[in-house]
Amino acid sequence: MNGKIVSIPYEEYSAAHSLRESLLLRELAEDTKRETGEDAIMQVGHLEGAFLKLLVRISKARRVLELGTFTGYSALAMAEALPDGGELITLDIDKAYTDAAQKFWAKSPHGKKITLMLGPALKTIPALTGPLDMVFIDADKENYLNYWNMCLPKVRQGGLLVVDNVLWSLGNVLHPQDATEKAIAAFNEAVRTDRRVEAVILTIRDGVTVALKR
Ligand SMILES: C[S@@+](CC[C@H](N)C(=O)[O-])C[C@H]1O[C@@H](n2cnc3c(N)ncnc32)[C@H](O)[C@@H]1O
C-alpha cells in the first residue's frame, strides 16, 4: 500500500511534471521517511503539496488553517506560497512529530509565517478567530465532519476548504466497514448535500475534496 489510488507511474509522472519541490521540502520528506518509517505515508508528498501551494496562490490566501501537522511538509509547502505577512496556523497533538517539523521550518525563510498550536483540534479550533481564507483538514478522520462544521463558519465567503484522504486508500470508502471508513463515507455524503459550499472530489493521491464557501 502506498497511499495512492492512481497507479504509481502516472502519479510519479504527474509529480515530475508539476511545480518543482523545494530542496528543503525534499529534505524534510527524506528525513521523515528515515525517522518515521511507515508513518511517512501520512505526508501529503510532492504532488499534493504542489497542489496545495497552487490553491494558496489561486485563492490569494493570507490566512490558512491546517488540521494535522505531522512533520510539517504540507504546512511548509503552503507557507512557501503565502505572501509576506501571510499566516499559516497548524494544529496537532503530537510533540515528537511537530518538534521535527519545527526543526525544518526554522531553516526556511517562510518558517516565520507558521504558528503551531499543540493540543486536540476539537479544543483548539473554538479559540481561533476568523476570517480564514483556506482550511486544510488532514487530522484524525473520525472527526472530519466535526472539523468541517467547526471551521466552515470561520472561512470567508469565497474561501476554500480542502480535505485530504477522502477516498481513503487504506480502507474501503465504497463499502465502509470500520469506524474510519464509515466516518469518511459519512463525511463525503454530508459535503455532497451541504448547500453552504460548492465541492468536488479530485483523485489526487487518495482523494482530495476542494470546496468553495458560497
Ligand atoms: C495525516 S497526518 C498529517 C500530515 C501532514 N498534513 C503532512 O502533510 O505532513 C495527521 C496528523 O494529525 C494528528 N492528529 C491526530 N489526531 C489529532 C487531533 N485530535 N487533533 C490534532 N491533531 C491530530 C496526528 O498527530 C498526525 O500528525
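**Close-up 1. Asn-165 sits in the loop between strand S5 (155-164) and helix H8 (179-192).** Helices (H or I, at least four residues) and strands (E, at least two) are DSSP runs, numbered from the N terminus. This is a predicted model, in which local features need pLDDT of at least 70, side-chain atom pairs count only at pLDDT 80 or more, and totals for chains, interfaces and linings use all residues. Residues are numbered from 1 along each chain as its sequence is written, and side-chain values use heavy atoms, with hydrogens and water left out. Although Asn-165 is not a glycine, its phi is positive, about 65°. Is Asn-165 buried or exposed? Asn-165 is buried, with a relative accessible area of 6% (buried means under 20%, exposed over 50%, partly exposed in between; 1.4 Å probe, protein chains only).

**Close-up 2. Trp-168 lies in the loop between S5 and H8.** Trp-168 is not a glycine, yet has a positive phi of about 45°. Trp-168 is buried, at a relative accessible area of 13%.

**Close-up 3. Gly-130 and Pro-131 are joined by a cis peptide bond.** Here omega is about -5°. Look for Pro-131 in the loop between helix H6 (121-124) and strand S4 (132-137). For comparison, most peptide bonds are trans.

**Close-up 4. Polar atoms of Ser-74, Tyr-147 and Val-44 meet the ligand.** A polar contact is a pair of N or O atoms within 3.5 Å; within protein, one must be able to donate a hydrogen and the other to accept it, and residues adjacent in sequence count only if both atoms are side-chain atoms. A polar side-chain atom of Ser-74 is 2.7 Å from a ligand nitrogen, and one of Tyr-147 is 3.5 Å from a ligand nitrogen. A polar backbone atom of Val-44 lies 3.0 Å from a ligand oxygen.
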